[in-house]
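This briefing is arranged by topic for use beside the sequence and the coordinates. It opens with the pockets and then turns to the sheet, the aromatic rings and the loops.

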Amino acid sequence: DTHMDVYVGGYNNLRLLANGDLHAEGDVIAESTTISSDEKLKENIEIVSNPIEKVEALRGVTFDWKRDGNSSAGVIAQDVMKVLPEAVKEVQGLNDDESHLSVNYHALTSILIESVKELSARVKELEAK
């Protein structure tokens with residue numbers, strides 16, 4: 001089978017796909033989460049280039065979700081796709097709705113970390129003058 005669905009109150013709220021992706025309608029709440037990040041699991045490792053330019057191309061926005069009207073904050077996937085396409089993925093809606101883009105938010109930390117390091121180096125240079 002390609003997926004397993006969990007229905008609550010007649011609504012499909014959770015889908016586990018054969019590729020390991022887990023889709024949840026609503027928040028996923030946990031005491032702790034971890035993401036595999038060991039160097040031995042990776043190849044072609046490169047430092048992010050032009051991180052400040054990438055950050056400047058993004059918009060931090062507030063918005064209301066169409067599905068329930070709840071307010072939130074984040075980024076726009078189409079903006080992220082322009083500067084860090086590997087952090088964006090097209091996914092199918094839970095109820096076989098049309099597909100939409102999702103953002104791997106932890107991937108955004110790479111450009112934030114490198115931006116802070118670059119800005120820190122600039123500050124140190126200015127302070128040395």
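Among the structural elements, β7 contributes the most to the lining of the largest pocket, with 4 residues. The model discussed here is predicted. The largest pocket has a volume of about 2,000 Å³, and the second largest holds about 670 Å³. Apart from the pockets, the main topics are an open sheet of 3 strands and the 1 aromatic pair found in a search of the whole structure.

**Largest pocket**

- The volume of the largest pocket is about 2,000 Å³. Its lining consists of 41 residues, of which Trp65, His100, Leu101, Ser102 and Val103 are the closest to the centre.
- Several strands each supply at least two lining residues: β3 (22-24), β4 (61-64), β5 (71-74), β6 (88-91) and β7 (100-103).
- The helices α2 (77-83) and α3 (105-128) likewise supply at least two residues each to this lining.
- Sorted by class, the lining comprises 17 nonpolar, 13 polar and 11 charged residues.

**Second largest pocket**

- About 670 Å³ of space lies in the second largest pocket. It is lined by 21 residues, and those closest to its centre are Lys42, Glu46, Val48, Ala107 and Ser110.
- Helix α3 gives the most to this lining, with 6 residues.
- The lining of the second largest pocket divides into 7 nonpolar, 8 polar and 6 charged residues.

**The three-stranded sheet**

- The strands of this open sheet follow the order β1-β2-β3, and their pairing is antiparallel. Because β1 (3-8) and β3 stand at the edges with a single partner strand each, one side of each is left without a neighbour in the sheet.
- On average, neighbouring strands of the sheet are turned by 20° against each other, direction ignored.
- In general, the strands of a sheet pair through backbone hydrogen bonds, in either a parallel or an antiparallel manner.
- Strands β1 and β2 (residues 11-17) run antiparallel and are joined by 6 bridges. Within this pairing, Met4 has Leu16 of β2 as its bridge partner, and Val8 has Tyr11 of β2.
- A hairpin is formed by β1 and β2, with 2 residues between them. Gly9, in the turn of that hairpin, has a positive phi of about 60°.
- Strands β2 and β3 also run antiparallel, joined by 3 bridges. Here the bridge partner of Leu14 is Ala24 in β3.
- The hairpin of β2 and β3 has 4 residues between the strands. Gly20 lies in its turn and has a positive phi of about 100°.

**The aromatic pair**

- How many aromatic pairs does a search of the whole structure find? The search yields 1 such pair. It is formed by Phe63 and Trp65, whose ring centres are 5.0 Å apart and whose planes stand at 90°, so the pair is edge-to-face.
- Are Phe63 and Trp65 buried, partly exposed or exposed? Phe63 counts as partly exposed because its relative accessibility is 23%, and buried would mean under 20%.
- Trp65 is partly exposed as well, with a relative accessible area of 38%. Trp65 is also one of the residues closest to the centre of the largest pocket.

**Asparagines in loops**

- Most residues other than glycine have a negative phi.
- Asn44 has a positive phi, near 55°, and is a residue other than glycine. It is placed in the loop between β3 and α1 (51-56).
- With a relative accessible area of 66%, Asn44 is exposed, the cut-off for that class being over 50%.
- Asn50 has a positive phi of about 50° although it is not a glycine. Asn50 lies in the loop between β3 and α1 and is partly exposed, with a relative accessible area of 44%.
- Asn70 is located in the loop between β4 and β5. At 44% relative accessibility, Asn70 counts as partly exposed.
- Along the chain, Asn70 and Ser120 are 50 residues apart, and their C-alpha atoms are separated by 37 Å.

Key
Residues numbered from 1 in each chain as written. Predicted model: local features only at pLDDT ≥ 70, side-chain atom pairs only at ≥ 80, totals over all residues. Heavy atoms only, no water. 1 Å grid on protein atoms, 1.4 Å probe; cavity = no way out; pocket = protein on both sides within 12 Å on 5 of 7 lines; lining within 4 Å. Points joined across faces, edges and corners; volume = space filled by probe spheres on them. Nonpolar A, V, L, I, M, F, W, Y, C, P; charged D, E, K, R; others polar. Pairing = 2+ DSSP bridges. Axes fitted to C-alpha atoms, helices over the stretch in contact; angles between N-to-C directions. Phe/Tyr/Trp six-rings, centres within 6.5 Å; stacked < 30°, edge-to-face > 60°. Buried < 20%, exposed > 50% of the residue type's maximum accessible area, 1.4 Å probe, protein only.
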